Number of protein chains: 2
Amino acid sequence: MPLTRKGAATRQRIVEGAASEMRRLGVFSLTLDDVLRRTGTSKSQLFHYFPGGKDELLLAVARYEASGVLGDQQPELSALNSWSAWRSWRDKVVERYRDQGPNCPLNAVMGQLGPTSEGARAVVRELYAQWQGELAAGIRSMQSQGEIEPALDAERGARALLAGVQGGVLIHLTTGSLEHLEAALDQGIEFLRRPRAQA
Amino acid sequence: MPLTRKGAATRQRIVEGAASEMRRLGVFSLTLDDVLRRTGTSKSQLFHYFPGGKDELLLAVARYEASGVLGDQQPELSALNSWSAWRSWRDKVVERYRDQGPNCPLNAVMGQLGPTSEGARAVVRELYAQWQGELAAGIRSMQSQGEIEPALDAERGARALLAGVQGGVLIHLTTGSLEHLEAALDQGIEFLRRPRAQA
DNA sequence: AAAAAACTGGACTTGTGGGTCCATTTTCGC
DNA sequence: GCGAAAATGGACCCACAAGTCCAGTTTTTT
């Protein structure tokens, strides 16, 4: 069942509208009618494009949002090959979440763990994997330049940094403060720069 | 409206049963009937003790769970005054989340941000504040013993560590792996131990 | 022990939101 | 331009879960 040009546009409009409404209302209270009203479409259209109903739609939204998360960190994230790149990546991350304000569609969708569970999990898992991969690549790049000690395990460092960022964002969601995200980023990067102790 | 002995017991039974069902089903699909069935109570009882309905119940569950989170880290968390205490605290945290498996009632409740929103936020905010306070106290204690450089900002260090832990737990929820939590804890603690660079 | 207050059971109401159906219109390939 | 396939509108259904009510029982208080 190929999509016609118009069909593809409508489908896209629905996903974007749903994402937008979700930021406004949160997943919890997002209803299909909200989406329809927002996008000027009808139920039959929604179910035409998402036969799986709400779950399938939410999954599509999750994918849409996930792609944005990494995209917003470019081009820095893919080229962490100088300390100034790291710094400007750090600033971009903080900026992104400052703008987004205290609501994270992705985290919200995850909370909706229902039948969607496996699918949503997979999307987020993939996001983490890519993110961590980019960070690890950045660390290795700095190591090859002699700016980071070769003894440091790049994957492990990337894991810790990613955890810090995720936690910082999570805390931002509930407290509205970016202090934790900043602290995690700054200390994470400082950790990389500092030579290991000769333990 | 004072509670009789029996009433208090029933109320408590409801909260604990709800918490337990929530771990099983997630907030999303937790219904009041589930709670009633589980606790052998009736609707009128539930609304008798929680006039605010589901929201109020969820809030009570959140408080209940929040108190457990810090409790499970004791006594280490309140006495982070030696490296071995830090290590054993670290192990306890990892253990706790290993046991709990990939579901976090608190995070789940947060996802349910509705009218409860403000109340739930407050509960979690308070939890973070206490947690961070204990960590900061631990850092200061180590500084007073000369084990951590006095130049380090204790609150900032506590923030970064807390963010790492939260992120590690969050990632655990979706990936099922504890690697990130461990990496964040280990690097966070190592960061504290290592002398600052003479930048 | 008797009255008041707290507690309990369970039937009932109700709003809502996901999902279905089908008739009609538009788009697309040839 | 014509027929098939895709797209659309909107009325309809229905399950289900939150919340109400009140009659009856147990506990507390004096």
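User: Happy to look at this one with you! How many helices and how many strands are there in chain A?

Analyst: Good place to start. This is a predicted model, in which local features need pLDDT of at least 70, side-chain atom pairs count only at pLDDT 80 or more, and totals for chains, interfaces and linings use all residues. Residues are numbered from 1 along each chain as its sequence is written, chains are lettered from A and ligands numbered from 1 in the order in which they are written, and side-chain values use heavy atoms, leaving out hydrogens and water. Helices (H or I, at least four residues) and strands (E, at least two) are DSSP runs, numbered from the N terminus. Along the sequence, chain A reads α-α-α-α-α-α-α-α-α, and the count is nine helices and zero strands.

User: What percentage of the residues in chain A is buried?

Analyst: Buried means under 20% relative accessible area, exposed over 50%, and partly exposed in between (1.4 Å probe, protein chains only). The C-alpha atoms of chain A fill a box of roughly 65 × 40 × 30 Å along the principal axes. Among the 199 residues of chain A, the buried share is 53%.

User: And which share of the contacts in chain A with a separation of 6 or more comes from residues 24 or more positions apart?

Analyst: A contact here means heavy atoms within 4.5 Å. Taking the contacts of chain A with a separation of 6 or more, the part that joins residues 24 or more positions apart is 66%.

User: How far apart are the mean positions of the positive and negative charges of chain A?

Analyst: Lys and Arg count as positive and Asp and Glu as negative, while His and the chain ends are not counted. Each charge is placed at NZ of Lys, CZ of Arg, CG of Asp or CD of Glu. For the 24 positive and 23 negative charges of chain A, the mean positions are separated by 5 Å.

User: On to the DNA! Which element supplies the largest share of the surface near DNA strand C?

Analyst: A residue is near a strand if one of its heavy atoms lies within 4 Å of it. DNA strand C is surrounded by 23 residues, with Thr4(A), Thr4(B), Ser44(B), Gln45(B) and Tyr49(B) the closest; sugar and phosphate make up 64% of the strand's atoms that come within 4 Å of the protein. Helix H1 (5–25) and helix H3 (43–49) of chain A, together with helix H1 (5–25) and helix H3 (43–49) of chain B, each supply at least two residues of this surface. The largest share, four residues, belongs to H3(B).

User: Which side chain has an N or O atom 3.3 Å from a sugar or linking oxygen of DNA strand C?

Analyst: A polar contact is a pair of N or O atoms within 3.5 Å; within protein, one must be able to donate a hydrogen and the other to accept it, and residues adjacent in sequence count only if both atoms are side-chain atoms. The side chain of Thr4(A) has an N or O atom 2.9 Å from a phosphate oxygen of DNA strand C, and the side chain of Lys54(A) likewise places one 2.9 Å from a phosphate oxygen of that strand. The sugar or linking oxygen is approached by Lys6(A).

User: What gives the most to the surface near DNA strand D?

Analyst: Of the 23 residues around DNA strand D, the nearest are Ser44(A), Gln45(A), His48(A), Tyr49(A) and Leu32(B). Sugar or phosphate accounts for 67% of the strand's atoms within 4 Å of the protein, and bases for the rest. H1 and H3 of chain A and H1 and H3 of chain B each supply at least two residues. With four residues, the element that gives the most is H3(A).

User: Which residue has a polar backbone atom 2.9 Å from a phosphate oxygen of DNA strand D?

Analyst: Two side chains also reach phosphate oxygens of this strand: Thr10(A) has a polar side-chain atom 3.1 Å from one, and the side chain of Gln45(A) has an N or O atom 2.2 Å from one. The backbone approach at 2.9 Å is made by Leu32(B).

User: Is Thr10(B) buried or exposed?

Analyst: Thr10(B) lies in helix H1 of chain B. Beyond its neighbours within four places in sequence, Thr10(B) is in contact with Thr41(B), Gln45(B) and Tyr49(B). Because its relative accessible area is 8%, Thr10(B) counts as buried.

User: Last one: where is Pro75(B) found?

Analyst: Most peptide bonds are trans. The bond from Gln74(B) to Pro75(B), though, is cis, with omega near 0 degrees. Gln74(B) makes a side-chain polar contact with the side chain of Ser78(B) at 3.1 Å. Pro75(B) is in the loop between H4 and H5 of chain B.
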